[in-house]
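Q: Please take a close look at one part of this model and describe its surroundings with care.

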Amino acid sequence: MNSLWLRIRPYLSTLVRYMHISYLEAKSGYEGTALGILWIPATTLSFSLLLGFVFHPSGTTGPIPFFLYVLSGYVTWNFISDSITRSTNIIQSKFEFAVHNNLGLAGLFGKMLADRGFEFAMELAVVIIAVLVLSPFSYGPQILLLAILIPMMCLVSLAASYLVNLLTLFFPDLGNVVSTGVRLMFFATPIFWLVEDRSDWRALLEVYNPASYYLMMMRQSFGLQPLALHVWLIGAVISLIVIAAGAIAYRQSNSFVRNLR
């Protein structure tokens with residue numbers, strides 16, 4: 001046990017340091033405002049309320065379940081989109097920061113993951129509180145699935161971030177293509193719309209959009225959707241493919257991508 005602690009202690013120490021830096025950076029971004037960093041969850045909450053009000057279907061879904069559906073999906077989507085759009089120029093724009101903080105290539109992308117993770121944690125807290133207040137009976141043993149889903153999403157985020165940045169290093173115009181594609185993908189992801197009938201053409205978007213599975217896994221963890229094993233299996237396969245691709249790309253490229261150490 002002591003040996004295991006000594007092995008993971010440096011990683012935990014680095015994580016705490018990264019999260020502290022992320023907190024300070026986020027705090028400075030809202031300096032002078034009354035809410036401060038609470039603007040992060042407040043913005044997410046208000047936008048989710050607007051989406052829930054405007055796009056509430058006239059079917060059997062009530063306003064509160066639909067709002068929680070939108071909120072949980074939007075929070076998950078924010079993390080996915082940030083993982084992609086914020087990664088188009090990490091190496092190009094964060095070189096001085098990496099040198100100043102003695103970060104290598106892996107450390108730099110770990111720090112960017114901590115930035116996204118800090119905001120995601122604040123937004124996820126809003127989901128936890130909202131479900132607890134508005135639909136407490138949704139909670140069940142399935143909430144423990146978050147212990148699988150969150151690490152999975154973090155690893156996928158790290159791998160996808162490196163892959164996107166690597167591509168934009170060689171093809172700079174892809175940065176604009178990626179940003180535009182993510183904006184379009186927002187509407188093709190079941191954030192504010194439901195698939196109530198499998199004959200609905202939107203069912204195809206739900207099935208063939210990889211991001212949909214992470215939204216469904218998040219909602220199932222909170223009991224907002226019925227637990228479906230196939231969703232988790234497909235989500236796991238998607239995750240393994242992205243993580244493996246990121247690991248291979250890093251191993252093959254870190255020798256010629258600028259060494260930041």
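Is S161 buried or exposed, and what is its relative accessible area?

A: The model is predicted, so local features need pLDDT of at least 70 and side-chain atom pairs count only at pLDDT 80 or more, while totals for chains, interfaces and linings use all residues. Residues are numbered from 1 along each chain as its sequence is written, and side-chain values use heavy atoms, with hydrogens and water left out.

S161 is buried, because its relative accessible area is 0%, where buried means under 20%, exposed over 50% and partly exposed in between, for a 1.4 Å probe and protein chains only. S161 belongs to helix α7, helices being DSSP runs of H or I with at least four residues, numbered from the N terminus. Leaving aside residues up to four places away in sequence, S161 touches S83, S87, I90, F109 and R116, contact meaning heavy atoms within 4.5 Å.

Both F109 and R116 are among the α6 residues that meet α7, where S161 is one of the partners, including also S157 and L158. The residues of this contact divide into ten nonpolar, four polar and one charged, with Ala, Val, Leu, Ile, Met, Phe, Trp, Tyr, Cys and Pro counted as nonpolar, Asp, Glu, Lys and Arg as charged, and the others, Gly among them, as polar. Helix α6 (residues 105–134) and α7 pack at an angle of about 130°, with their axes 10 Å apart; these axes are lines fitted to C-alpha atoms over the stretch in contact, and angles run from 0 to 180 degrees between N-to-C directions.

Helix α7 (146–170) is also packed against by the buried residues of α11, as is α10 (210–221).

Methods:
Helix = DSSP H or I, 4+ residues; strand = E, 2+ residues; numbered from the N terminus.
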